[in-house]
Amino acid sequence: RALAPPPPHRAGGAAPAGSAEALAKAMLRRLAKSCALASVATVLAQEDACASAPEAGQCAARGKGAVPKNDHLLIQRGARAVARQGANASAPGDFDSGSCLGMPDVKQSCSTSGCKVLAHTDGRSCTQYCQSSGRSCVAAWEEVADNCDVQYGWQCDDPLPGTSDLLCECDLDAGAIVGEPTLPEMPSSSLVWSDEFDGYWLDSSKWSHVHAGGGFGNSEKQFYTRSNTHLSNGVLSITAKCQEHHGHHFTSAKLTTHYHAHWGPGHRVDVRAKLPQGKGTWPAIWMLPIDKVYGEWPRSGEIDIMEAVGCTANRIYGTIHTEAYNHMKHTEKYSSLATSVGDWHTYSLVWEAHQLRWYVDGVHFHSFVPSSFESAKWPFDQQFYLILNLAVGGSWGGQCVHGTPSCHKWDEFQQDQVMQVDFARVYKL
């Protein structure tokens with residue numbers, strides 16, 4: 001993606017009671033994902049001792065270790081979980097329209113809608129907590145001291161070791177029982193655009209190839225070419241492979257409907273796809289605005305209908321990027337879903353005048369409804385075009401392979417990696 005890399009993130013301002021200690025604890029809790037809990041508990045105990053007896057010299061080297069990378073694009077573009085600017089910072093991204101009243105295990109409501117709460121999670125992630133009421137998680141944080149104040153940002157999908165509660169923000173759209181398809185079939189009369197990928201050649205009246213490389217702001221390793229797509233038996237294949245081309249060691253393909261077709265609110269997009277699973281792969285189905293009415297990225301918006309990375313097996317993500325909600329402000333809005341990405345699934349976006357909803361095989365897993373509709377929060381009143389691509393490596397796609405996959409390992413790029421697409425359809429709601 002043609003995005004400028006974000007500036008490096010700095011550890012935030014002073015916390016009320018010893019910022020160095022608070023930041024170190026936050027970082028160590030994140031490290032708990034890959035460390036034994038007993039070891040983390042020991043280190044935190046040492047930090048407490050350090051705070052009470054600094055003269056012992058135990059604090060000198062604390063809190064300087066690298067924070068492990070998150071498994072989501074917004075974080076991978078440069079953000080790291082750090083302490084907020086002061087412990088009294090309020091949680092960002094308030095979603096105050098509608099109501100989420102009646103959710104279980106609420107210790108304290110943190111918004112007028114009841115969608116943002118201090119929840120008794122008891123070892124659960126915020127995703128699991130929100131799913132208990134048929135909702136999806138849009139944001140998560142660690143609180144300061146059993147209240148609504150934010151200590152640092154967290155991930156929806158991850159439990160936080162060493163705590164029994166989290167600040168969770170659930171979406172307004174409480175669906176049916178988790179796992180039950182709720183998206184209806186659309187009548188053929190509402191179909192306004194489609195490609196079934198029949199025939200032998202890509203329809204040039206519907207798609208354009210991107211012919212470029214250079215990393216796209218994410219340190220991606222591929223050069224996009226026309227020859228990395230082919231059609232067979234009604235299926236489009238986008239192949240990423242080890243191949244020298246214009247100074248790049250990998251080639252792949254990227255298709256867009258830019259200059260051919262575009263849509264806005266009042267539409268539904270369905271794409272049936274089967275994804276590669278090799279480490280270093282980064283397939284995506286996404287949308288960008290045809291005009292930068294509100295300015296450069298992320299001001300004019302981006303909608304990621306589906307993203308996956310081989311480094312995080314069998315999980316897909318749905319995300320929005322806006323001026324108000326982006327990783328540089330720690331206000332990113334996304335949800336993820338565990339699914340077998342190597343199987344065929346239909347990924348859907350329902351785009352209404354004041355809401356976006358994401359589905360996999362008709363099962364709702366994410367919604368976005370801002371608290372107000374100025375362009376900083378809702379640039380999605382414009383026309384967007386559709387993009388299909390398969391990136392290689394980079395800041396997120398290559399997080400487990402040091403940015404670049406191997407051409408000699410069986411679980412990376414020893415074999416070509418292929419994203420297949422059965423159809424792409426757009427309906428008028």
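pLDDT is the predictor's confidence in each residue, on a scale from 0 to 100. You'll want that idea in hand, since what you're looking at is a predicted model, in which local features need pLDDT of at least 70, side-chain atom pairs count only at pLDDT 80 or more, and totals for chains, interfaces and linings use all residues. Residues are numbered from 1 along each chain as its sequence is written, and side-chain values use heavy atoms, with hydrogens and water left out.

So how does the chain score? Its mean pLDDT is 79, and 75% of its residues reach 70 or more. Residues 1-19 are a weak spot, with pLDDT below 50; beyond near neighbours in sequence, this stretch has 44 contacts in the model, a contact being heavy atoms within 4.5 Å. Another weak spot is residues 28-97, where pLDDT stays under 50 and the model has 172 contacts beyond four places in sequence. Where pLDDT is low, the predicted coordinates should not be read in detail.

Now for the overall build. The chain has five helices and 22 strands; these are DSSP runs numbered from the N terminus, with helices being H or I runs of at least four residues and strands being E runs of at least two. Of the 429 residues in the chain, 54% are buried. Buried means under 20% relative accessible area, exposed means over 50%, and partly exposed is in between, using a 1.4 Å probe and protein chains only. Look at the contacts with a separation of 6 or more, and you'll find that 72% of them are between residues 24 or more positions apart. For one example of a long reach, try Tyr334 and Ala139: they are 195 residues apart in sequence, yet their C-alpha atoms are 7.4 Å apart in space. Tyr334 sits in strand S17 (residues 333-338) and counts as buried, at 4% relative accessibility.

Next, which cysteines are joined up? A search of the whole structure finds six disulfides, each a pair of cysteine sulfur atoms within 2.5 Å. One of them joins Cys110 and Cys148, with the sulfur atoms 1.9 Å apart. Cys110 is in the loop between strand S1 (106-109) and strand S2 (116-120), while Cys148 is in the loop between strand S3 (137-143) and strand S4 (150-154), so this pair links distant parts of the chain, 38 residues apart. The torsion about its S-S bond is about -80°, which means the disulfide is left-handed.

Another disulfide joins Cys130 to Cys170, with 2.1 Å from S to S. Cys130 lies in helix H4 (residues 126-131) and Cys170 in strand S5 (residues 165-170), so the pair ties together parts that are 40 residues apart in sequence. Cys130 is buried, with a relative accessible area of 0%, and Cys170 is buried too, at 1%. A further disulfide is formed by Cys311 and Cys400, whose sulfur atoms are 2.0 Å apart. Here Cys400 counts as partly exposed, at 37% relative accessibility.

Let's head inside. In soluble globular proteins, nonpolar side chains tend to be buried together. In this model the largest nonpolar core has 49 residues, and those with the most contacts inside it are Ile285, Met287, Ile303, Leu356 and Leu386. (A nonpolar core is a set of buried Ala, Val, Leu, Ile, Met, Phe, Trp, Tyr and Cys residues joined through side-chain atoms within 4.5 Å.) Strand S21 (residues 384-392) gives the largest share of this core, five residues. Leaving aside neighbours within four places in sequence, Leu356 is in contact with residues including Ile303, Trp351, Phe368 and Trp378.

Finally, the charges. Side chains of opposite charge can pair when their charged atoms come close. The structure holds eleven salt bridges, meaning a side-chain nitrogen of Lys or Arg within 4 Å of a carboxyl oxygen of Asp or Glu. Lys333 and Glu169 meet in one of them, at 3.2 Å from N to O. Lys333 lies in strand S17 and Glu169 in strand S5, so this pair ties together parts that are 164 residues apart in sequence. Both Lys333 and Glu169 are buried. Compare Lys292, which forms a salt bridge with Glu296, the closest N and O atoms being 3.0 Å apart: Lys292 counts as exposed at 54% relative accessibility, and Glu296 as partly exposed at 49%. Salt bridges that share partners also join Lys107, Asp146 and Asp165 into one network.
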